[in-house]
Amino acid sequence: MNGLRFVRTAATPALASVGYEMKSWTARAIAAVLPVQQTRLHFQRGNGARIFFLSLLISLLAGCASFQPPIQSDVSTQFKREKTAIAFFDAIGSIHYSEDVYLVLAVAQVSSDSDYSGIWDSDSVLTKVHADEFSRLGLNATAIYGEPSIALPKDALIPQKALVKAFYASRPKPEHGPAIAPAFREALRSRDYANLILVSWSGYSLHIPTLGLPPRQSVNSSFWVYDLRKEKPLWSGEFPVMQKVALPKNTGKSFLEENDLAGLKAESERLVRERYRTKNSEGKPITSIGQAMGFQPKD
Amino acid sequence: MSSRIRLPSSVLMALCVAVLVLSACTGANIGLKTDFKSAGFEIGRTTRSEVIAHLGLPQRSIEDPDGHTRLLYEGGSRLTGLCIGCGNAAAPVGAVPYLVNDQIVKNGAEYVFDKGGILVRKTEPIVPGR
């Protein structure tokens, strides 16, 4: 508890800017580094190494959690007036399962991927989910799939999806995110779209630990906001979500894949929507996608 | 007279190990199905949906230029981490997985479907999967 109080009261501005989720586990980590009774920092002899490691830890965690500054308010206001296209491209197209296997004297990790490309059209489904959430934030947002008014040709979609896939495969990743295919941009501009919010993810993962620990599911969504007229990136950020999950059917594959992938479809949408909320599933405050981008006021 | 039962430390150790093993065994798992032969998929009759309904999603799905779809199933999960005594399951496993994972691929199956989603060719392991 003392560790938590320390973070809330004495943390650096960088830490203060990150969400509560990060704070709570940061607090635990800090409490592990510093004994509880020393949470009020005293610069005494012998504390130097601890303070050094604490500073290092804070710098690392702040780096992991920080978002770019929100889009300027005059620009974000334009998003509510001008047409914004929302596009989700699934660069992965498979579920990643991993399982820890307890071998008494050793622990092994095994994994398996399940390819749903050609079976579930995640691009279309999750584009609509993101477009719905951005519309709720007040944006003049349109999904690039399923809307007769936009109806982009395949010649525009295929090269853009290829660029998103190439971005995820590249090491190191380009700083400004995936490039925008000229055909894709021109198709949107010819339909009077001023802005683009491009979304992708690193795939849905389910990890099953050993010794009765609860399985965890996770997704990590990435967002890139572009001004299509000026052809420049405006904002980018990543929003990871990890949650405990109960497997009532006792296997990951049956939980997610039975009944025409009903579990995968439901859990993916739920996890994606959760990052648009200002509180997580446990009721703890988090920085929502809208707040980080500047489309939603901070609490 | 005390009612407490004192067990030898070796028995206690064995009990702890047994509890840990049991708790590990009863937990959830990935649930790969590898009973390829027993499924009895028939060329010219079985559909892609039926294969997926029985075996789950494949590890790879490939669209051929001629319109055929190939579903590739591996004969088990791949070993991606192993650590003896340290508890870090994600530790690199050195040369071991090449042997293990190669065998997993060899024990896998491949199903090819035409444009209408009907099974036209299959390759299953000679030795039934685990």
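In this predicted model, strand 4 and strand 5 of chain B form a hairpin with 5 residues between them, and within that turn Gly117(B) has a positive phi of about 80°. The two strands of the hairpin, strand 4 of chain B and strand 5 of chain B, pair in the antiparallel sense over 4 bridges, and one pairing that can be followed residue by residue is that of Glu110(B), whose bridge partner in strand 5 of chain B is Thr123(B).

Strand 4 of chain B also pairs with strand 2 of chain B: 5 bridges join strand 2 (residues 69-73) to strand 4 (residues 109-113), and these strands run antiparallel. Along this pairing, Thr69(B) has Phe113(B) of strand 4 of chain B as its bridge partner, while Arg70(B) stands opposite Val112(B) in strand 4 of chain B.

How are the side chains of strand 4 of chain B divided between the faces? In a regular strand the side chains alternate between the two faces of the sheet. Strand 4 of chain B shows such an alternation, for Ala109(B), Tyr111(B) and Phe113(B) point to one face and are buried, whereas Glu110(B) and Val112(B) point to the other face and are not buried.

The hairpin belongs to a wider arrangement, an open sheet of 4 strands in chain B, which follow the order 1-2-4-5 with antiparallel pairing. Strand 1 (60-63) and strand 5 (119-123) of chain B stand at the edges with a single partner strand each, so one side of each has no neighbour in the sheet. From one strand to the next, the twist of this sheet averages 15°.

Turning to chain A, the reader will find 10 helices and 8 strands, and of its 299 residues 36% count as buried. Among the contacts in chain A between residues at least 6 apart in sequence, 64% join residues at least 24 apart.

Two packed helices are described by the angle between their axes and the distance between the axes. For helix 6 (residues 122-136) and helix 9 (residues 252-274) of chain A, the axes come within 10 Å and cross at roughly 30°; because angles under 35 degrees count as roughly parallel, helix 6 and helix 9 of chain A are therefore roughly parallel to each other. Their crossing is right-handed. On the side of helix 6 of chain A, the contact is made by Val125(A), Leu126(A), Val129(A) and Glu133(A), and helix 9 of chain A contributes Lys265(A), Ser268(A), Glu269(A), Val272(A) and Arg273(A). The residues of this contact divide into 4 nonpolar, 1 polar and 4 charged.

How values were computed
Residues are numbered from 1 along each chain as its sequence is written. Chains are lettered from A and ligands numbered from 1 in the order in which they are written. This is a predicted model: local features need pLDDT of at least 70, side-chain atom pairs count only at pLDDT 80 or more; totals for chains, interfaces and linings use all residues. A residue is buried if 20 or more other C-beta atoms lie within 10 Å of its own, exposed if 12 or fewer, and partly exposed in between; C-beta atoms are placed from the backbone. Two residues are in contact if their C-beta atoms, placed from the backbone, lie within 7 Å. Axes are lines fitted to C-alpha atoms, for helices over the stretch in contact, and angles run from 0 to 180 degrees between N-to-C directions. Angles under 35 degrees count as roughly parallel, over 145 as roughly antiparallel, 65 to 115 as roughly perpendicular and the rest as oblique. A crossing is left-handed if the near helix is turned anticlockwise from the far one by less than a right angle, and right-handed if clockwise. Ala, Val, Leu, Ile, Met, Phe, Trp, Tyr, Cys and Pro count as nonpolar, Asp, Glu, Lys and Arg as charged, and the others, Gly among them, as polar. Two strands pair if DSSP finds at least two bridges between them.
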